[in-house]
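Reader: I'd like a close look at a single part of this one, starting from a strand pairing and working outwards. Could you walk me through it?

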Amino acid sequence: MNDQSIFVACRGGSDSQGQWSPVGRLDRVPDGYRFVYTRGARTLPGFSPFPGMDNLDTEYLSDNLFPLFANRLLAKSRPEYEAFLTWGGFDPNDPPDPIALLGVTGGRRATDTLELFICPQPDANGCFISKFFLHGVRWTPPEAIERLNALKSGDPLSLTVDTQNAYDPNAVKVQTCEGVRIGYVPRYLARDVKFLISNCSPRFVRLAVDRVNKDAPTQQRLLCRMNACWPPEYRPCAGEEFEPLCASANVSL
């Protein structure tokens, strides 16, 4: 994996709290884009192939971004387009590559079963670094929303494994320094963050506010920045569900 690839996660099952799993990978290749399904597409309950991509074992290539993903980017003609880029920490005068934009925004829709994410990679110092939008804001009580809206860039936040969570054994709560729960780490990062909390010294696990977007939809309200150690045994996105079904997709980009 590299910064030219993102995974596609999908929720399986019939209820809103169903199991999430990676089901595909989108790559930026020299002549355009490539999409392949991963083994998670075979094991996620109730998963069906995406329209126009019916064969799970096929490598799909396109000169342009596939419609499934292009439709998850805000059109440049929309009046809120510049604000949309700013919410994700991007410069409207220097728009990012679609892969980078989808990796931060997740291509999320309010009532959706898909989310896109970048696999964590070490920074120049060999440490973990990630930016993500806070999840679970729409289930946060009004008094916690008020506290969230009062946050400022750089404010420290804390991470706590939610051992009582009935829906996700890897759930990690995000709290203010006073202990007010304002949301959760995204599901696609939760297992990695839980591992890092257990295997890094507390002083090497830091979460802070990157941006507070009061005028944004709830799924883009708070952009967080996390830094942590990178233990020698840490292997993000290494489960079988991340492995591509098409053998040719294992070739380095």
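Which residue in S2 is the bridge partner of Ala-9?

Author: Happy to, and keep in mind that we're looking at a predicted model. The residue you're after is Pro-22: that's the one in S2 that bridges to Ala-9. The pair belongs to a longer run, since strand S1 (residues 5–11) and strand S2 (residues 20–29) are joined by seven bridges in the antiparallel sense.

S1 has another partner too. Strand S5 (residues 114–117) pairs with S1, again antiparallel, over four bridges. In that pairing, Val-8 sits opposite Leu-116 of S5. S1 is mostly covered, with six of its seven residues buried. As a general point, side chains in a regular strand alternate between the two faces of the sheet.

Now over to S2, where Ser-21 has its place. Ser-21 has a relative accessibility of 6%, and because buried means under 20%, Ser-21 counts as buried. What does Ser-21 touch, once you skip residues up to four places away in sequence? The list takes in Val-8, Ala-9 and Cys-10, and then Gly-40, Leu-44 and Glu-241. Val-8 is the residue that faces Leu-116 across the S1–S5 pairing, and Ala-9 is the one bridged to Pro-22.

For contrast, try Asp-63. This residue is in the loop between strand S4 (60–62) and helix H2 (67–70). Its relative accessibility is 64%, and the cut-off for exposed is over 50%, so Asp-63 counts as exposed. Asp-63 still has contacts beyond its neighbours within four places in sequence: Asp-31, Gly-32 and Tyr-33. With Gly-32, the C-alpha atoms are 4.3 Å apart, although the two positions lie 31 residues apart in chain numbering terms.

Zooming out, the chain has six helices and 11 strands. Its radius of gyration is 18 Å, close to the 18 Å from the globule rule for 253 residues, so the chain is as compact as a globular protein of that length. The C-alpha trace spans about 50 × 45 × 40 Å along its principal axes. Of the contacts with a separation of 6 or more, 62% link residues 24 or more positions apart. Buried residues make up 47% of the 253. The chain exposes about 12600 Å², with 48% of that supplied by carbon and sulfur atoms. As for charges, the mean positions of the 27 positive and 29 negative ones are 4 Å apart.

Terms used:
Residues are numbered from 1 along each chain as its sequence is written. This is a predicted model: local features need pLDDT of at least 70, side-chain atom pairs count only at pLDDT 80 or more; totals for chains, interfaces and linings use all residues. Side-chain values use heavy atoms; hydrogens and water are left out. Helices (H or I, at least four residues) and strands (E, at least two) are DSSP runs, numbered from the N terminus. The radius of gyration is taken over C-alpha atoms; the globule rule is 2.2 Å times the number of residues to the power 0.38. Buried means under 20% relative accessible area, exposed over 50%, partly exposed in between (1.4 Å probe, protein chains only). Contact means heavy atoms within 4.5 Å. Accessible areas come from the Shrake-Rupley method with a 1.4 Å probe; for residues, only the protein chains shown count as cover. Lys and Arg count as positive and Asp and Glu as negative; His and the chain ends are not counted. The place of a charge is taken as NZ of Lys, CZ of Arg, CG of Asp or CD of Glu. Two strands pair if DSSP finds at least two bridges between them.
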